[in-house]
Each structure stands twice: as structure tokens, then as C-alpha cells.
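Thank you all for making the time this morning. I would like to walk through one model with you, going from strand pairing to cysteines, then to enclosed space, and finally to a few backbone details.

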Amino acid sequence: MTDPSRYRPETIEQRWQRQWEQLGLHATPDLSGDSSDAYYALSMFPYPSGSLHMGHVRNYVITDVIARAARLRGRQVLHPMGWDAFGLPAENAAIERGVDPGDWTDRNIAQMREQLKRLGLSIDWDREVATCHADYYRWTQWLFLQFLDAGLAYRKEATVNWDPIDQTVLANEQVDAEGRSWRSGAQVEKRRLRQWFLKITAYADALLDDLPSLEGWPERVRTMQANWIGRSLGAELTFTAESGETITVFTTRPDTIYGATYVVLAPEHPLVAELTTDDCRLSVAAFCDLVGRQSEQERTAEDRPKRGVPIGAWVHNPASGERIPVWIADYVLADYGTGAVMGVPAHDHRDFSFARQYELPVLRVVIPEGSDPHAYEGQAWTEAGVLIGSGPFDGLTTAEAKTSIVASAEAQGWGQGRVQYRLRDWLISRQRYWGCPIPVIHCDSCGVVPVPDDQLPVELPRNIPLSGKGGTPLAKLASWVNVACPCCGAPAQRETDTMDTFMCSSWYYLRYSDPHNDQRPFGREAVDRWLPVDQYVGGIEHAILHLLYSRFFTKVLRDRGLLGFSEPFARLLTQGMVQGITYRNAHTGQYVAPAQVADPSDPRDPINGEVLEVFYEKMSKSKHNGVDPAVVIDRYGADTARMFILFKAPPEKDLEWDDADVEGQYRFLQRLWRLVDGAHGRGLRLTGSGAPSTQELDPTSFSDAERQLRRAVHTAIAAISEDLEGELQLNTAVSELMKLSNALAAHLEGSGPAVGREALATLLILLAPFAPHLAEELWQKLNGHGDGASVEAAASVHRQRWPAVDPTALVRDTIPLVIQVKGKMRGSLEVPADADAATLERLALESEVAQRWLEGQPPRRVIVVPGKLVNLVP
């Protein structure tokens, strides 16, 4: 039996988790007919590393509060969970331990599932998916074939980012600003390989144009996506070499064509070999080799000097006819635009620096309107202005000149208007084992042949030798690679690349709507009923990769007739990081675990005694600043961990972990326990919903304590309801729970049973999304169910209805009136809520505040703001 005077989370949390599971309390309802009450709450699913960290806890607890509150408000809720389970970390871990990646991953999933259950999350585990299981990746392969059939998947030779440690290709988004792999940290190299791509550029306009419709997304995320897509309006202009070859450049400033004094090719451009003269071949070859070892980020970084060499060729400026040289430079990329740019140093900062460095001509063709032609010499003028030195276009504004020059170029055949994008097609090939096989077969006669639907999934062979070196292990398995062509029956070979793991995570939210469907990845009726996701919660680090790819997938599948909506996530919350106190030796760069710091008030390195830097930083193993969720739950319980995570900071802000604040939330829950236990001891009981009848709540008979308690109750309902809508403010919602608890402690004993029942029932229902175990335990206690007693699902606090605000309870007989003297607040007093201006003035003048500050002298002026303040001006 539980000691009723003590709060023992370790006992009640496990008990209620078992009962909820037995009752199927969190099962997704079967939607049929009208789906207007459907509500889909989703956290970004985790990679199964085997251990939860506090970032996980914050993400999933936030979503759980949203899901639980939606149920209490009568919504039919889908709240699932799964595992982003393919990828290099599992393969590398398996190599280190000599085990199969699948076995390793499944063990981690089982361990993390139990850790998540300890948090009391209201997840429907019957809809769990794992991207590495064949019943899931069968449909990833099927969807790939949909892209292939639509002409949106293709194979080509391309310069790719090669990770020399992980021995695989990386997407541009997976290379950091220093040119290193986001996984291994290796310096990325450039290689030419034949790779699979998805044609996301075909949807560039739709992805960009639909961003304004995502009103429930943070503006920051929408801006990041818009910048990544990078739509530019400009023109393609053609320069003709003296040897006859043509070089096409893209520019957003066709108005500056007369100022082009050189052309730059990417070192990888195919024309480099053709146009390089014999006297430049050695320098060009050396430069190309140097650039080949740089990452794209290094080559294009704004703070790095731009380098280049001439190739000996010359072209003619198509507008002016001037003869200008051709160079190659590291800042021009082969797969961006045309792989060639025109250099206009007078009107581009980068070109100006390059021209000054290599003594190339600077020719001004745009000046500020009304300025001297020689103004701003010695620097690049990049703003709008008026054209000079541009032949028939002199005197036009830049806007007019863009239109006129493009029209002239089109008429004369040396240019045309064009839209350009920063976004490039999505490279999905990976040369590693632990990923979804690409379902195509290569036949010498038939070419690329899709694996027939009835032969899906193409399963990964298990328990094969893995070394992590030398490319994909699949290519070495002759028994798996060699197959008959599905079309002609001749000997053929399977594709040995596997898919980028973002392929798997770009559609998982759709599978949750119909996870047991073995005929399709999801049924049209089910997916249209549940989707789009009403509230999606995850980290800002996914703003470009996962979120952009998911939007792309959704639009393609819409166009294939598989679903009926255009965007996957209606609302997006990007939660802040969880930061831990961090100690670092500034001289050695070494991090020191907090447990090794003997005196936090004078932190010193335990090895050499040097003073340590102290700051908050994102929790990580390498910084020794993490807090194990299991340790917190063991000591304080899951409800305390949840309450701290929710209270410490607004959801979108970073959270600084503080053990003292955790202890504070534990004490608060203990006070709640004692409050309800005391009421129970005095004979106060709930029946069913706990809400008293209208007859029992007679406002004319309320005592002052009852009026104050009801005002606090309905103020809390209004405030917490608002906090759970729109901009989620879960921290202030917890604060409101604390205020309500204080009001009950002050006025419950002075209130009658009807008001007391209303107050306690409301407190526990409002508490239920935040501290679900404690709310359930106290609810059942007040409903007469003893320790360990089984209850029906309908009797759970989590099946009650969210309380409604009674506006009459918010009406105040008196209100606080601020008294100012010469505009400065000097005090306040309670006044009748319906007092008119004359009454307020009289009460203010008669107050002790006025007597003290006016020293018996009448004020020269009195300013009354009814309902707020009186300002006395001596």
C-alpha cells in the first residue's frame, strides 16, 4: 500500500503506465466518415542510438502535452512513434563490435522504447515503424519507383562529395561550412561517380511559392528554405571564343554586360580542356588538382581569398565586341548555373577583389543616379543606378536596362532571360551497406530496369562481412548482385548503391496513418483523413534537409494521385536545445565533467589546478555536460522531469539545465500531493467528471473565499487554454498551475464542497497533460479508487473533458487601482469595479498614499484612467 501522506513517483508511475497499456488508453481511434475532429501530433522520430538524451525528452514531452490536451478537448488523436534506423552510425557501430547492424539496431530500438515508455508518453505503439525493417523499406523502394516512373529519378555522372573515412558520397547539405562530413568529420574530397538523383529542382517554384501558406511555421525556417532554394531572375548570355566554342554564363545583372572584362569557368567545366592553350596547361592542371581537394564550402566562403589562373583563351563580349580573357577560379562551381560567370569587377565585390588581385581591367558602366561618372572609383558599386559606357543603353536605369538588354540579346541570338536556382537535384546514392537498396537492375540489353512491384522488397542480405572500407559491401556479394533481367531474362546486376537515409524519413509521417497496409504504403482515404500533421515538433537543424525533402515528397505523391494535400505539416515547432553547465580548460581545450569540479564557486582543472571556463552549452558526451534522463527519473520521477523541461524555458528557446530547479518542481508536485491528500482526508470526493451541477453553484450564496477560488480556477482555465493554442507557451501554463495550486491552498478549506470539487477537478484535468501519472493517481483517489485498483478507460482523468471558462466567475467586485504621483507609481488600493471617474478620484485623494506624498496640499491636476490608475500632479 502507498503511504497516502507521501508522494512516491516510482510506485505510481509504473503502475499507471501498466494500466494505461492494458486499457489501450492511447490507441488511435478508428476514423470513419467525418474526420473534422482528427488531430495528428508528431515528434520527429529518432535515430535509435540506444540511449535517450535530454534533447529527446524535451521533444517528446512537448508533443505529448499537445496530444494529451487535444484528447481532453475532444479531438481524435494520432500520436505515433518510430525509428529512423538506417545509416552509417549503426553500420560503423556494428563493424566495431563485430555484429550485424540489424541486430544492433533492433536491440537499441527495444532499449529506447522502454526508456520512452518511462516518460509516460501517450504514444500508440501499435503504429510503430522502423525504416530498416523490410515491411517499411519495401514501400520506400515502391515510392522510389514512383519517382522513376514520373521522370523524377535519374542517374548521371557527377562530381560528388566523397567522405574518405566513411567511404561514401555525401549530399551538399551533409558537408559543413569547413568542408567536413557531418558524420565522420573527415575533410571531404571531390570525385566523379555515376549516381542516382531525384529531380527536386522540378518542384523548386512550388516549394518556394507555397512557403507563405505555411503560416504555422516559424518565419526563420521559411526564410532558410527560401534562401536554400534561391530563385534568381536573370539571363543566360553567350560569349564566343576565338576558336569558335561558345561559353554560356548566367547573370542576375545583364545590365552590366558592357562592364564584363573577363569570363571565369569552373575548373571542372568540360570546355577547360578544349580551350586551354599549350603554354597554360601545366599551371591549369596544377590549379585543378588543388581545387579538387577543396570542399564546395571552402571554395565559396565569403571570407576566403578567391584564386584563379588564366587558361590562355579569349572570347568576345557579345554586347561590346571587346576581346576579354578566360580564366578558371575556385569560386565557380561546375554544377551551379552553367558553370561559368562573367566578371564585372566594377559592380560586384567578389569580381572587384579578384580583378585587383590579378590586375584585370575594371570598367564602370553603372553610376548612382545624378552622380559624377568618376564617383565611387576604387570600389565596386553594386546598387541600382544609371548606365554609362553601354552604347545605345546609356542613360537607362538598371531596371530599364535589364529588360532592354535581354530583349536585344534575344533578338540578336546571344542571350535569353532565365530563372536560376541555388537548389540542386538531390543526390541519393550511398556506397554503404546499411541503407535501403535501390530497386533497379542493370541489363546490358535493356538498360536500367525497375524491379517489378511483386518482387519488392529487394531485401538487404544479413550477417555479411563488413569492414567500412572500399565501397559498398553489396558489390562483393555475387549471389546477391547477379540476377536475371526482369524484361529479357538475360544475366544482369542489381544496383549496389543504397539510398540516402533522408529518403526513408521523407515519408514516414504518411505511413503512420495506415501502418498495417500490406498492399500500399498507405491508403488514400486514411492518409487524407489524418494528414497534414496538425503539429510537428523537432529541431531547427532539420529546417532544410528533412523538412524540404518531406515537402518535395508530399507534392510529388499528390501529383501521382496518392494523396490529396500539398504540404505535410500544418504547424511546426522547432524546440530549443537543452544545455548543460560546461567546464573547459581554455589552455588545453579539454572539457572537464562537473563531477570532477571540487568547488563550483572556484572551478579548477583537477589535473593541473588551472581555472576553468564556465558556460552553458548543448549537452553532449564529448563535453561531459550531459544529464542521463534515467537518473533524473529514478530520483524524482518522470512527472518531475516533464514539469522541469516544460517550465524552465519557452519551447522554442534553449533550456539551461539546473538541478536546483528540478528539485523545485519535485517540491511543487509534493505540495500538490499533500493538498489533494488533505482534501481527501477531510471527506471531499469527486463523482465522475467532478463538475458540480448548476444548482450546486449558486453565485448569490458564495462566500468571499469561494468567489476568490472560482476566480482563480477560471482564470487558470482561460490562461492555460490560451497557452496551448497558437504560440505554445507551456512554461507559462505550468506557472498558471502553480498559481492555481496556491489559490486552492489559500481558499479550499474556506469553500463549500461544490466549489471545492470544481476546483480540485479542474486542477487535476489541467495538470493531466503535464504530469499525467500524478494527475491520474490523485483523480482516482478523489473518486474513491484505492491503491492499485483497476479502473475503466472512461474513468481515467485523461478521458475527461477540458473545462470551460465561466465568464461570471471572472467578474471582480473590486479591482486594484494604481496611484501615481507625478507619473511615478507610489502605491495602490482596492476599489469597486464599477466605480466611476469621480469616485476613483475621491478614493485616491482620501488614500493614505495621497496623504503621504502630497503632504496635505491639493494637487494641481488629477488624471483618471478608469479601471487602471489615478495620477496626482502636485
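Cys-443 has Gly-447 in β20 as its bridge partner, and I start with this pair because it belongs to the contact between strand β19, residues 440–443, and β20, which pair in the antiparallel sense over 4 bridges. Before going further I should say that what you see is a predicted model, and everything that follows is computed from it.

If we widen the view from that pair of strands, we find an open sheet of 4 strands in the order β20-β19-β22-β21, with antiparallel pairing. The edges of this sheet are formed by β20, at 447–450, and β21, at 482–484, each of which pairs on one side only. As for the twist, neighbouring strands in this sheet are turned against each other by 40 degrees on average, with direction ignored. As a reminder, strands of a sheet pair through backbone hydrogen bonds, and the pairing may be either parallel or antiparallel.

There is a second set of pairings that I would like you to look at, and it is centred on β7. Strand β5, residues 153–163, and strand β7, residues 189–198, pair in the antiparallel sense over 10 bridges, and within that pairing Glu-157 has Arg-194 in β7 as its bridge partner. β7 also pairs with strand β17, residues 426–427, again in the antiparallel sense but over 2 bridges, and here Leu-198 stands opposite Trp-426 in β17.

Let me turn to the cysteines. How many disulfides does the model contain? The count comes to 0, and one pair of residues deserves a careful look in that light. The sulfur of Cys-436 has its closest cysteine sulfur in Cys-504, at 5.3 Å, and because that is too far for a bond, no disulfide is assigned there. Seen from the other side, Cys-504 is in no disulfide either, and its nearest cysteine sulfur is that of Cys-436, 5.3 Å away. For the reasoning, the cut-off is that the two sulfur atoms must lie within 2.5 Å. Are these two cysteines buried or exposed? Cys-436 counts as buried, at 0% relative accessibility, and Cys-504 is buried too, with a relative accessible area of 0%.

Next comes the enclosed space. The model has 2 cavities of 30 Å³ or more, and the largest holds about 180 Å³ of space. It is lined by 17 residues, of which Gly-87, Leu-88, Arg-430, Asp-500 and Thr-501 are the closest to its centre. The elements that give two or more residues to this lining are α3, at 88–97, β6, at 168–170, and β23, at 498–499; β6 gives the most, with 3 residues. In terms of residue class, the lining of the largest cavity divides into 6 nonpolar, 6 polar and 5 charged residues.

The second largest cavity has a volume of about 60 Å³. Its lining is made by Leu-25, His-26, Arg-68, Arg-71, Leu-72, Ser-122, His-798 and Arg-799, and by class these are 2 nonpolar, 3 polar and 3 charged residues.

I will finish with the backbone, and with the cis peptide bonds to begin with. The bond from Leu-456 to Pro-457 is cis, with omega near 5 degrees, and Pro-457 is found in the loop between β20 and α13, the latter at 478–481. A cis peptide bond also joins Leu-531 and Pro-532, where omega is about -5 degrees; Pro-532 lies in the loop between α16, at 524–530, and β24, at 535–538.

The loop between β20 and α13 also holds Asn-463, whose phi is near 55 degrees, a positive value in a residue other than glycine. Asn-463 is exposed, with a relative accessible area of 59%. Where, then, does Lys-822 lie? Its place is in the loop between β30, at 814–821, and β31, at 824–832, and the phi of Lys-822 is near 55 degrees, again a positive value in a residue other than glycine. At 62% relative accessibility, Lys-822 counts as exposed.

Definitions and conventions: Residues numbered from 1 in each chain as written. Predicted model: local features only at pLDDT ≥ 70, side-chain atom pairs only at ≥ 80, totals over all residues. Heavy atoms only, no water. 1 Å grid on protein atoms, 1.4 Å probe; cavity = no way out; pocket = protein on both sides within 12 Å on 5 of 7 lines; lining within 4 Å. Points joined across faces, edges and corners; volume = space filled by probe spheres on them. Nonpolar A, V, L, I, M, F, W, Y, C, P; charged D, E, K, R; others polar. Pairing = 2+ DSSP bridges. Axes fitted to C-alpha atoms, helices over the stretch in contact; angles between N-to-C directions. Buried < 20%, exposed > 50% of the residue type's maximum accessible area, 1.4 Å probe, protein only.
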